[in-house]
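Visitor: I've got a pile of labels and I'd like to know what stands behind each one. Could you walk me through them?

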Amino acid sequence: MAYVDDAEHEELHEPTSFYAKYVWSQDHKVIAIQYSLTAIAVGLVALVLSGMMRMQIGFPGSIDMDSTGYYQAMTMHGMIMVIYLLTALFLGGFGNYLIPLMVGARDMVFPFVNMLSYWFYLVSVLVLIASFFVPGGPTGAGWTLYPPQAITAGTPGSEWGIILMLVSLIIFIIAATMGGLNYVTTVLQARTHGMTMFRLPLTVWGIFVATILALLAFPALFVSGIMMLLDQTIGTSFFMPEMMQFGTQLDHTGGSPILFQHLFWFFGHPEVYIVALPAFGLVSDLISVHARRSIFGYRMMVWAIVAIGVLSFVVWAHHMYVSGMNPYFGFFFATTTLVIAVPTALKVYNWVLTLWRGNIHLTVPMLFSLAFIVTFLVGGLTGLFLGNVVVDIPLSDTYFVVAHFHMVMGVAPILVVFGAIYHWYPKITGRMLHDGIGQLHFWITFLGTYLIYFPMHYLGFLGMPRRYYAYEDYQFIPDSAQSLNAFITVVAIAVGISQLLFLYNLVYSLFKGKPSGGNPWRANSLEWLTPDTPPKHGNWGESMPVVHRWAYDYGVPEAELDYVPQTISADQVPVHESDLDE
Amino acid sequence: MLVQASSMPIEAPKSHFQRRSASAKTGLHLLMAAISSMFLLFLLSYILRSQVSDWEALSEPWQPLAKTTQLWINTALLLVASVAFEMARRDVDRPTQGNTREFLWLAGLSSLGFLIGQLVFWQYLTDRGYLASSNPANAFFFLLTGLHGLHVIGGMCAWMIATYRLSLAAHKLDSKSVSLAKLSIELCTTYWHFLLFVWMLLFALLSSSPGTYAAIAKFCGLGE
């Protein structure tokens with residue numbers, strides 16, 4: 001704990017100029033907000049793209065979009081949502097804001113690198129957006145960017161679009177690595193007095209393990225990105241096989257597209273958990289606070305997070321059952337995929353058991369958390385279907401898969417993002433978000449996403465293939481499927497537009513919201529105990545907080561209030577038995 | 001590393017040094033883990049790709065890597081750099097008697113020598129028509145040595161900081177600058193050992209025979 005001793009005695013050099021404070025800021029809270037606003041902005045682009053795609057599917061020809069535009073929208077939608085929105089928001093946004101506050105540090109351990117991380121991220125976003133304006137437009141290769149088609153003429157953006165996409169990803173990975181080094185090191189080195197690893201809120205655990213996954217998995221994307229970039233630009237044949245393009249023999253020989261798939265998914269599957277683990281952590285805290293119950297099975301939850309993290313590295317090829325791989329491999333990956341359901345199910349049980357006999361407050365964050373549990377459950381269960389080779393093969397490349405991954409890693413984490421923003425907004429701004437607008441936003445989003453994605457499972461069973469630009473004149477798709485498509489489009493547009501409610505709420509409440517005070521949810525973890533709200537530079541004022549217990553002492557019989565903040569000593573309120581650390 | 005406090009000019013303020021040192025070391029270890037992950041995945045790709053029939057291994061007797069003198073010289077240079085850093089690290093506690101500065105310069109110059117040596121070998125290959133686009137084995141050679149070189153260049157930036165901090169420490173002789181210089185040198189030392197290890201692994205693999213690749217591929221379940 002040398003770090004914290006030192007932090008107490010060191011002078012705080014609070015930046016004074018506007019630029020140092022809000023632009024070139026090294027303060028984790030400002031960087032978090034920069035990350036979040038950039039991620040939300042680029043996420044809105046992806047949302048609009050999905051609306052355009054839905055219009056084309058539900059009402060073909062209703063907007064001016066050809067098949068090229070459709071594939072480009074599809075690719076950019078997927079890539080932006082997974083990487084530039086969710087990953088950036090969970091790690092760069094929530095990670096940056098919450099880690100130093102929750103562990104009781106003045107800032108991240110490498111503030112300068114942290115600042116660089118944001119600016120690299122911004123550059124990666126700008127490069128990505130620039131690809132909309134280059135000749136040929138952005139790549140339309142699908143978010144998986146499989147070669148050879150990604151860099152072969154005929155695929156939209158196979159010349160400039162794909163280059164910018166790969167360059168953008170490489171810059172993003174550098175940004176994520178710089179951020180990641182900070183998050184992990186801060187958790188390991190900068191915890192305050194008494195803050196042991198097993199007293200950390202689960203949010204920190206989720207982000208911590210997800211960041212380790214990111215540090216080890218993003219290199220796979222980096223490796224494949226570099227090799228594909230070389231295939232495209234200087235004509236190497238890492239991935240490009242010997243092939244004809246429009247009747248012309250290409251110079252490439254012998255490259256292995258399957259190698260790309262392995263590398264991509266060696267990144268791609270952990271990526272699911274890079275997004276999911278922070279969501280697990282955040283939602284655990286939301287549930288515990290808003291149900292006024294200690295989290296059930298804290299240590300089990302921690303080990304489940306770790307186990308999921310480890311297992312996520314040995315399941316990647318379940319994305320490749322139809323690539324013609326050895327059936328024994330398929331068996332292995334099906335088994336590991338099903339095994340990962342065990343710690344995941346354990347977490348779901350623990351959330352439910354935390355709720356059991358809790359004093360549940362149906363606040364907006366709680367509503368989003370409950371919605372997350374059911375949505376994640378639905379998405380996770382269809383994952384068990386798809387994890388089996390024999391079930392996956394007929395369902396592969398159908399809308400069943402689209403429904404599955406949107407439920408499990410699209411909607412579910414986004415519900416947590418919303419819940420977490422409603423929960424921590426008071427700490428960030430000092431004002432509450434408007435509750436009525438929040439409730440409305442919740443119900444439209446929650447019910448809407450079910451209306452969108454539930455029917456897609458059935459479309460998948462009918463064999464409706466994903467990634468198609470138009471579904472006319474396929475005999476195996478009944479006409480009724482088209483009415484369902486139109487229905488989904490109407491709902492999707494409505495849900496998309498309703499997100500304006502959320503944006504309006506963010507801006508409105510910033511100025512007109514009810515003042516929140518320091519701890520409006522009566523929560524225990526350190527971020528609610530800062531001397532100022534919003535926390536000032538250096539977070540803790542003169543002295544660093546001292547931690548005496550875990551973050552989950554709710555409904556403690558001996559306590560005056562129904563919660564015991566982490567800084568209350570054992571003399572004042574006995575440390576509860578469930579605090580296993582004592 | 002602080003054991004020889006008696007021979008230090010002024011005792012370092014422990015908490016400050018420990019804090020920076022522990023965080024920086026953890027950060028470096030994480031960075032090395034991420035870099036290792038990257039090289040490991042490249043090496044697996046290398047093995048897998050080497051099993052396709054168009055692969056013309058550079059290590060065949062008639063190919064350029066049959067003669068590895070230049071690469072051995074480069075290896076020796078990197079080894080010297082690594083050892084020099086180690087010596088600098090050991091000497092840093094005795095700024096008045098030791099040769100930290102000289103060792104640090106030796107480390108920097110021999111690393112530069114390594115980079116130049118690698119470029120000389122690149123030139124040798126391209127002069128003989130071994131271009132990245134002409135065969136995947138060549139492409140991998142340029143890619144892997146190039147990426148390793150970039151990591152050495154990154155290290156050179158850290159070396160510059162270390163050299164600067166050391167001269168500052170020699171000038172000021174206050175505890176803060178001494179411990180900062182020391183930390184920089186320690187970090188560089190760890191990183192250079194890592195760079196040497198990665199290079200030796202790359203060198204061993206790049207100069208292995210196709211039979212070895214086939215055996216590794218078979219062992220990993222990637223071969224036929």
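Visitor: Where is the place of P534(A)?

Guide: P534(A) sits in the segment after α15 (479–512) of chain A. A helix here is a DSSP run of H or I of at least four residues, a strand a run of E of at least two, and both are numbered from the N terminus. Before we go on: this is a predicted model, where local features need pLDDT of at least 70, side-chain atom pairs count only at pLDDT 80 or more, and totals for chains, interfaces and linings use all residues. Residues are numbered from 1 along each chain as its sequence is written, while chains are lettered from A and ligands numbered from 1 in the order in which they are written.

Visitor: What kind of peptide bond joins T533(A) and P534(A)?

Guide: A cis one, with omega about -10°. The bond from P147(A) to P148(A) is cis too, with omega near 0°, and P148(A) belongs to the loop between α5 (111–130) and α6 of chain A.

Visitor: Why is F246(A) called buried or exposed?

Guide: Count C-beta atoms, placed from the backbone: a residue is buried if 20 or more others lie within 10 Å of its own, exposed if 12 or fewer, and partly exposed in between. F246(A) has 8 within 10 Å, so it is exposed. Its phi is positive, near 50°, and it isn't a glycine; you'll find F246(A) in the loop between β1 (244–245) and β2 (248–249) of chain A.

Visitor: And what makes R292(A) partly exposed?

Guide: R292(A) has 16 C-beta neighbours inside 10 Å, so it counts as partly exposed. R292(A) is another non-glycine with a positive phi, about 50°, in the loop between α8 and α9 (298–311) of chain A.

Visitor: Over to chain B. How many helices and strands does chain B have?

Guide: Six helices and zero strands. Buried residues make up 38% of its 224 residues.

Visitor: How do you know that the span of α4(B) agrees with its residue count?

Guide: The expected span is 1.5 Å times one less than the number of residues. For the 37 residues of α4(B), 136–172, that gives 54 Å, and the end C-alpha atoms are 53 Å apart, so the two agree. Next along comes L173(B), with a positive phi near 55°.

Visitor: Why are α2(B) and α5(B) called roughly antiparallel?

Guide: Axes are lines fitted to C-alpha atoms, for helices over the stretch in contact, with angles from 0 to 180 degrees between N-to-C directions. Under 35 degrees is roughly parallel, over 145 roughly antiparallel, 65 to 115 roughly perpendicular, and the rest oblique. The axes of α2(B) (69–91) and α5(B) (175–206) come within 9 Å and cross at roughly 160°, so α2(B) is roughly antiparallel to α5(B).

Visitor: Which residues of α2(B) meet α5(B)?

Guide: Among them are L71(B), L78(B) and F85(B), while the α5(B) side includes I185(B), W192(B) and F203(B). Contact means C-beta atoms, placed from the backbone, within 7 Å.

Visitor: Last one: how many residues does each chain put into the contact of A with B?

Guide: Chain A gives 29 and chain B gives 27. On the chain A side, α1 (2–9), α6 (160–189), α7 (202–233) and α8 (257–290) each supply at least two residues, and α7(A) gives the most, with seven.

Conventions: Two residues are in contact if their C-beta atoms, placed from the backbone, lie within 7 Å.
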